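Subject: Handing over the structure we spoke about

Dear colleague,

I am passing the structure below on to you, and I have set out underneath what I found when going through it. Please read the notes with the structure open beside them.

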Amino acid sequence: MKVIGKRISILKKPDLLSIVVLPTEDNKKLTLMFLWLLGWTVCGILVFINYFSITNRDTKLFVIVYLSFWAYYEFKIAQTFLWKKFGREKIWIQNNKLHYQRELKGRGKIQEYNTDLVNDLKLIE
């Protein structure tokens with residue numbers, strides 16, 4: 001196994017080429033992203049709690065629309081944070097098939113491609 005830097009490892013065997021790419025190890029950025037996620041979550045919870053005290057119908061409608069956008073971005077921020085913390089990319093070529101997987105804590109969908117459909121794929125050593 002050949003390791004390139006702190007994030008990339010390559011395993012080369014006669015019938016297999018495997019590349020694993022780990023996420024960034026910058027803990028400062030990860031901590032800032034966690035604080036952003038925490039602040040976003042707290043703001044959304046506060047808006048949701050105050051929804052029940054609102055009596056104006058138009059304001060309630062606005063808060064519902066706001067909370068739907070908030071929930072979408074909450075999901076996206078959480079997904080990105082988990083990817084940065086626990087994710088990895090795996091690429092391997094075996095039996096004339098190129099396999100690609102975005103793995104998060106051991107789970108992830110494997111996408112499979114025929115190598116005949118891939119152009120200009122070369123290993124540079």
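How much area does the protein expose, and what share of it do carbon and sulfur atoms supply? The protein exposes about 10,000 Å², and 61% of that area is supplied by carbon and sulfur atoms. Please keep in mind throughout that this is a predicted model.

To begin with the overall layout, the protein contains 2 helices and 6 strands, and along the sequence these elements follow the pattern β-β-β-α-α-β-β-β. The radius of gyration is 22 Å, well over the 14 Å that the globule rule gives for 125 residues, so the protein is more spread out than a compact globule. The C-alpha trace spans about 70 × 35 × 25 Å along its principal axes. Of the 125 residues, 22% are buried, and among the contacts between residues at least 6 apart in sequence, 35% join residues at least 24 apart. As for charge, the protein has 20 positive and 11 negative charges, and their mean positions are 6 Å apart.

Turning to the helices, α2 covers residues 57–86, and its 30 residues reach 43 Å from the first C-alpha to the last, which is close to the 44 Å expected at 1.5 Å a residue. The buried residues of this helix are Val63, Leu67, Trp70, Glu74, Ile77, Phe81 and Trp83, and the elements that the buried residues of α2 pack against are α1 (27–51), β4 (87–94) and β5 (97–104).

In the early part of the chain, Arg7 sits in the loop between β1 (2–4) and β2, where it is partly exposed, with a relative accessible area of 38%. Leaving aside neighbours within four places in sequence, Arg7 is in contact with Val20, Val21, Leu22, Pro23 and Thr24. Arg7 and Arg57, by contrast, are 50 residues apart in sequence and 52 Å apart in space, C-alpha to C-alpha. Ser9 belongs to strand β2 (residues 8–13), and it counts as buried because its relative accessibility of 17% is under the 20% cut-off. Again leaving aside neighbours within four places, Ser9 makes contact with Met1, Lys2 and Val3, as well as with Ser18, Ile19 and Val20.

Further along, Trp92 lies in strand β4 and likewise counts as buried, at 17% relative accessibility. Not counting residues up to four places away in sequence, Trp92 touches Leu16, Leu17 and Ser18, and also Lys97, Leu98, His99, Gln101 and Ile110. Trp92 and Leu61 are 31 residues apart in sequence, and their C-alpha atoms are 49 Å apart in space.

Finally, which residues in the loop between β4 and β5 should you look at for their backbone angles? Asn95 is placed in that loop, and its phi is near 55 degrees, a positive value in a residue other than glycine. Asn96 lies in the loop between β4 and β5 too, and Asn96 has a positive phi of about 55 degrees although it is not a glycine. For context, most residues other than glycine have a negative phi. With regard to exposure, Asn95 is exposed, with a relative accessible area of 65%, and Asn96 counts as exposed at 58% relative accessibility.

With best wishes

How values were computed:
Residues are numbered from 1 along each chain as its sequence is written. This is a predicted model: local features need pLDDT of at least 70, side-chain atom pairs count only at pLDDT 80 or more; totals for chains, interfaces and linings use all residues. Side-chain values use heavy atoms; hydrogens and water are left out. Helices (H or I, at least four residues) and strands (E, at least two) are DSSP runs, numbered from the N terminus. The radius of gyration is taken over C-alpha atoms; the globule rule is 2.2 Å times the number of residues to the power 0.38. Buried means under 20% relative accessible area, exposed over 50%, partly exposed in between (1.4 Å probe, protein chains only). Contact means heavy atoms within 4.5 Å. Accessible areas come from the Shrake-Rupley method with a 1.4 Å probe; for residues, only the protein chains shown count as cover. Lys and Arg count as positive and Asp and Glu as negative; His and the chain ends are not counted. The place of a charge is taken as NZ of Lys, CZ of Arg, CG of Asp or CD of Glu. The expected span of a helix is 1.5 Å times one less than its number of residues.
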